[in-house]
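Please walk through the empty spaces and ring contacts of the protein shown below.

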Amino acid sequence: MPDPVTPPAAATTPTPPDAEHRLVDVPGGRIHLVEQGTGPLVLMVHGFPESWYSWRHQLPAIAAAGYRAVAIDVRGYGRSSKPSAVEDYRMLALVADNVGVVHALGEETATIVGHDWGSNIAADSALLRPDVFTAAALLSVPFAPRGGPRPTEVFAGIGGDEEFYVSYFQTPGRAEAEMEPDIRGWLAGFCTGLSGDTMPPEGEGSIYFVPPGGRLRDRFPAGPLPAWLSEADLDHYAGEFERTGPTGALNRYRNIDRDWADLAAWHGAPLTQPSLFIGGERDASLAWMSDAVKAYPATLPGLVSSHILEGCGHWVQQERADEVNRLLTGWLAALPAR
């Protein structure tokens, strides 16, 4: 059985009422999770640079709807295992972690929900292990089947004289040197720059690209925090990264070519389980991946519904918690019983 653990010591980390922190053993190490409610399992997977805490609004809502709501710290984050080798953060390892969590909780199947990198992890978990993950909800980052050419080659070819942020993250230690001297300030700027109510106006230099000799944070807005991110919320995120460092989180980006090779057998494969997509109208992911959304009839044949939230940025489940909760719980209620 999973081991109950004491919630984080920081008083700024409000765990939802009736939720419980646990540590579970998986083949690749240990995963920290927060659990609330009883019923069919709904596993929530966060993105960069977040933690289980990004699902703080969904845990009680999904539990109240009659489900066992579980939000994990992805390996490299929070109190989950942080292996030292870059290759230990490949997609196959993260899928195995998710399967291990389901089994450690005494379940055979789960619905999986993911945001940002978690959307990719959720989609690949369902694609590789349809026997375990019977439905998938994808937030912010659209589903796109494995394709070609090699991802780092694609990213290196965009941006002209400037460097795309995914390319900037590739070299171990480079982004860390920018982030570590002021983790809290870096996270504040990154979250503010991608939020629908605080992102810079169009026409200014894109925060997704690094000018020659510059840093990613050089274009972060310096204004107030977005409405969804309180000082206490920022304290939680910053406290986790101050303790763990950002390398584990950044190593996800450093495996994109390895993932491309590992998933060759699934080249072009559609995701056939019942699915849901929720994106933010102002999220650059939608513009970059507009063709992926148009291809949904072929790539997501089980898509139940797709929703673009007007005026919303990248952090959909935090920016529009009530609306996302309504869409998620409605979709869950319509799924076939398992």
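**Cavities, pockets and ring contacts**

The largest cavity holds about 80 Å³ of space. Its lining is made of 13 residues, and Val74, Tyr77, Leu94, Ile121 and Arg252 are the closest to the centre. The model is a predicted one. In total, three cavities of 30 Å³ or more are present in the structure. Two helices, α3 (117–128) and α9 (247–250), each contribute at least two residues to the lining of the largest cavity. By residue type, that lining consists of eight nonpolar, three polar and two charged residues.

Arg252, one of the residues closest to the centre of the largest cavity, also has a ring contact. Arg252 sits over the face of Trp117, 4.6 Å from the ring centre.

Trp117 leads on to the open spaces. The largest pocket has a volume of about 1,200 Å³. Among the 44 residues lining this pocket, those closest to its centre are Trp117, Asn120, Ala144, Phe155 and Met289. Two or more lining residues come from each of α3, α4 (151–156), α5 (165–168), α10 (256–262), α11 and α12 (290–294). Helix α3 gives the largest share, with six residues. Helix α3 is thus named in two linings: at least two of its residues line the largest cavity, and six line the largest pocket. What is the make-up of the lining of the largest pocket in nonpolar, polar and charged residues? The lining of the largest pocket comprises 31 nonpolar, six polar and seven charged residues.

The second largest pocket encloses about 400 Å³. Its lining has 18 residues, of which Met199, Pro200, Glu202, Tyr208 and Ala284 are the closest to the centre. Here the largest share of the lining comes from α11, which supplies four residues. Nine of the lining residues of the second largest pocket are nonpolar, four are polar and five are charged. Helix α11 also appears among the elements that give two or more residues to the lining of the largest pocket.

Helix α11 spans residues 284–288 and includes Ser285. Is Ser285 buried or exposed? Its relative accessibility is 8%, so Ser285 counts as buried; the cut-off for this class is under 20%. Leaving aside residues up to four places away in sequence, Ser285 is in contact with Ser140, Val141, Pro142 and His314.

The last topic is the aromatic rings. The structure contains 25 aromatic pairs. One of them joins Phe48 and Phe190: the ring centres are 5.7 Å apart and the planes meet at 80 degrees, so this pair is edge-to-face, a class that takes in angles over 60 degrees. The two partners belong to distant parts of the chain, 142 residues apart, with Phe48 in the loop between β4 (41–45) and α1 (58–64) and Phe190 in helix α7 (residues 183–193). Both Phe48 and Phe190 are buried. Another aromatic pair, Tyr168 with Phe169, is tilted, with 6.2 Å from centre to centre and 45 degrees between the planes. Tyr168 and Phe169 are both buried as well.

Conventions: Residues are numbered from 1 along each chain as its sequence is written. This is a predicted model: local features need pLDDT of at least 70, side-chain atom pairs count only at pLDDT 80 or more; totals for chains, interfaces and linings use all residues. Side-chain values use heavy atoms; hydrogens and water are left out. Buried means under 20% relative accessible area, exposed over 50%, partly exposed in between (1.4 Å probe, protein chains only). Contact means heavy atoms within 4.5 Å. On a 1 Å grid over the protein atoms alone, a cavity is a set of points where a 1.4 Å probe fits but cannot get out, and a pocket is an open set with protein on both sides within 12 Å along at least five of seven lines; lining residues have an atom within 4 Å of a point. Grid points are joined across faces, edges and corners, and a volume is the space filled by probe spheres set on the points. Ala, Val, Leu, Ile, Met, Phe, Trp, Tyr, Cys and Pro count as nonpolar, Asp, Glu, Lys and Arg as charged, and the others, Gly among them, as polar. Rings of Phe, Tyr and Trp (its six-membered ring) pair if their centres lie within 6.5 Å; planes under 30 degrees apart count as stacked, over 60 as edge-to-face and the rest as tilted. A charge sits over a ring if NZ of Lys or CZ of Arg is within 6 Å of the ring centre and within 35 degrees of the ring normal.
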